[in-house]
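User: Could you take a close look at one part of this model for me, the way its helices pack against each other? I'd like one connected walk-through rather than a list.

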Amino acid sequence: MALDLIVVLLYATGMIALGWYGMRRAKTRDDYLVAGRNLGPGFYLGTMAATVLGGASTIGTVRLGYVYGISGFWLCGAIGLGIVGLSLFLAKPLLKLKLKIYTVTQVLERRYNPAARQASALIMLVYALMIGATSTIAIGTVMQVLFGLPFWVSILVGGGVVVLYSTIGGMWSLTLTDIVQFLIMTVGLVFLLMPMSIVDAGGWDAMVAALPASYFDFTAIGWDTILTYFLIYFFGIFIGQDIWQRVFTARSEGVAKVAGTAAGLYCVLYGLAGALIGMAAKVLLPDLENVNNAFASIVQTSLPNGIRGLVIAAALAALMSTAAAGLLAASTTVVQDLLPRLRQGRESGSGDVHENRIATLLMGVVVLVIALVVSDVISALTLAYNLLVGGMLIPLIGAIYWKRATTAGAISSMSLGFLTALFFMLKDGLDANTPIYYSLSVALVSFVLVSLLSPRPSVVAKVV
């Protein structure tokens, strides 16, 4: 265990060192928020994949594999296919904007007006904070189980490292750490933990003999759940601030399209690996008291010292990259979308990053607080995407494809969709399918009706 702790401490020290190096490159706001808009294919692929593969994708997918079998991969599958769709159909027009934009809400403002930008910014802020908190919770869970630390200590230590390197270096720090994290998580989870846990479970034939037939059915998790994953995660990827911010880092349209598609396919394969790890854990540890600990438990059971430390670092890599992405997305939304409102429309200079660093630090504190009071990573992620998709998907699609859409229709759709998702999550539970169904229905009806009843826009700006 001491050797494992040393490996993890070396990893954390390396992340802080890369953050410090990133600070030296983050001299302008473009550097801090979008890495100078100059990432090549290797860096872009690594940072995009590392961004979306976080707490739910790692800890959550192993849990789903433990409970449902191979069909647990659909969570990562929906996310990965969302990245593919974004890369093929939306990245190119976004990069053609040729504007100094940083947020989804700035694009919405082009079609509607500043009021729509403020309304959508509030939804995006809640989403980004929950994304950051989700992976911070998972960091705490892993460190608690494997090192015997109190949960609150694990949250503050692990999450504190993320807040530190994100604050000092912004997107350059995130990009540099993401590349290392991408490599570590690929080696640790895909090439070490997956084959070693399967071997420890007796091999594939032994798993087939020990597990119910449903564990090898790709639809055993249920078509309703698969549909919900696509509604929430596939479409959520299309409108998430943390994802768009990565698109804006690409050097060219070709980089975003090719490397982004490769990142999406990688996510699908990562999901399959996570589900297989969960299935092996079910064979080895069939009576876990808390299925949320399936990942940490299989790491303890199947791996020797040293290797265990590397895999722990791999898990922390996946979690930290997503936590940092949510944190930077939250601070970007605050500085670019909400603070100008308080200044009566005046934005700070593009060359100053001091304000962004302060915002990132403050949002980091908020993320740590949320992580201390929420426990389930998949539920937290579902909450984030339910609110995002329920509140913003319909107005964004309407902004692109419907000339009759109005600002009043967009704001009513955002507000009612957001509130409907929140209501049904409170009523039916965070894991229910109803919140996304009802919120999208209410958002669509209110968007169309209010747009038709309000004055036609005199000038329709092209969004993308």
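Analyst: Here's a tour of the helix packing, starting from one long pair and then moving out to other helices and a few single residues.

Keep in mind that this is a predicted model. As a general frame, two packed helices are described by the angle between their axes and the distance between the axes.

Let's start with α16, which covers residues 354-373. With 20 residues at 1.5 Å a residue, α16 should span 28 Å, and its end C-alpha atoms sit 30 Å apart, so the geometry agrees with expectation. A good part of α16 is buried, including Glu355, Asn356, Ala359, Thr360, Met363 and Gly364. Further along α16, Val367, Leu368, Ile370 and Ala371 are buried too.

What does α16 pack against? One partner is α9, residues 151-200, whose axis comes within 9 Å of the α16 axis and crosses at roughly 160°. That angle is over the 145 degree cut-off, which means α9 counts as roughly antiparallel to α16. The handedness of this crossing is right-handed. On the α9 side, the contact uses Phe151, Trp152, Ile155, Leu156, Gly159, Gly160, Val163, Ser166, Thr167 and Ile168. On the α16 side, the matching residues are Arg357, Thr360, Leu361, Gly364, Leu368, Ala371 and Leu372. Sorted by class, that α9 and α16 contact comes out as ten nonpolar, six polar and one charged. Some of the α16 names turn up in both lists: Thr360, Gly364, Leu368 and Ala371 are buried, and these four also meet α9.

Now follow α9 to another of its residues, Ile198. At 16% relative accessibility, Ile198 falls under the 20% cut-off and therefore counts as buried. Its contacts, leaving out residues up to four places away in sequence, are Gly203, Trp204, Met207, Leu276 and Ala280. There's also a link in space to Ala281: the C-alpha atoms of Ile198 and Ala281 are separated by 8.5 Å, with their positions 83 residues apart along the chain. For a contrast, take Arg110 and Leu193, also 83 residues apart along the chain, where the C-alpha separation is 47 Å. Arg110 itself lies in α7, residues 104-111, and at 31% relative accessibility it counts as partly exposed.

Ala280 and Ala281 bring us to α13. The axes of α13 (residues 253-284) and α14 (residues 294-302) come within 10 Å and cross at roughly 70°. That makes α13 roughly perpendicular to α14, and the crossing is left-handed. Ile277, Ala280, Ala281 and Leu284 make the contact from α13, with Ala294, Ile298 and Ser302 on the α14 side. The class split for this contact is six nonpolar, one polar and no charged. Ala280, then, is one of the residues that Ile198 touches and is also part of the α13 contact with α14.

A third packing arrangement involves α11 (residues 223-239) and α19 (residues 434-453), which pack at an angle of about 50° with their axes 9 Å apart. That makes α11 oblique to α19. Here the crossing is left-handed. Asp224, Leu227, Thr228, Leu231 and Ile232 of α11 meet Ile436, Tyr437 and Leu440 of α19. By class, this contact has six nonpolar, one polar and one charged residues.

Ahead of α19 in the numbering there's α18, residues 407-428. Its 22 residues reach 31 Å from first C-alpha to last, close to the expected 32 Å. Among the buried residues of α18 are Thr407, Gly409, Ala410, Ser412, Ser413, Met414 and Gly417. Phe418, Thr420, Ala421, Phe424 and Met425 in α18 are buried as well. Just after α18, Gly429 takes a positive phi of about 105°.

That backbone angle leads to a couple of others worth a look. Most residues other than glycine have a negative phi. Ala35 is not a glycine, yet its phi is positive at about 50°. Ala35 lies in the loop between α2 (29-34) and α3 (41-52), and at 0% relative accessibility it counts as buried. In the loop between α2 and α3 you'll also find Arg37, with a positive phi of about 55° although it is not a glycine.

One last stop is α15, residues 307-342, where Pro340 lies. Pro340 is buried, with a relative accessible area of 6%. Measuring C-alpha to C-alpha, Pro340 and Arg25 are 26 Å apart in space and 315 residues apart in sequence.

Technical notes. Residues are numbered from 1 along each chain as its sequence is written. This is a predicted model: local features need pLDDT of at least 70, side-chain atom pairs count only at pLDDT 80 or more; totals for chains, interfaces and linings use all residues. Side-chain values use heavy atoms; hydrogens and water are left out. Helices (H or I, at least four residues) and strands (E, at least two) are DSSP runs, numbered from the N terminus. The expected span of a helix is 1.5 Å times one less than its number of residues. Buried means under 20% relative accessible area, exposed over 50%, partly exposed in between (1.4 Å probe, protein chains only). Axes are lines fitted to C-alpha atoms, for helices over the stretch in contact, and angles run from 0 to 180 degrees between N-to-C directions. Angles under 35 degrees count as roughly parallel, over 145 as roughly antiparallel, 65 to 115 as roughly perpendicular and the rest as oblique. A crossing is left-handed if the near helix is turned anticlockwise from the far one by less than a right angle, and right-handed if clockwise. Contact means heavy atoms within 4.5 Å. Ala, Val, Leu, Ile, Met, Phe, Trp, Tyr, Cys and Pro count as nonpolar, Asp, Glu, Lys and Arg as charged, and the others, Gly among them, as polar.
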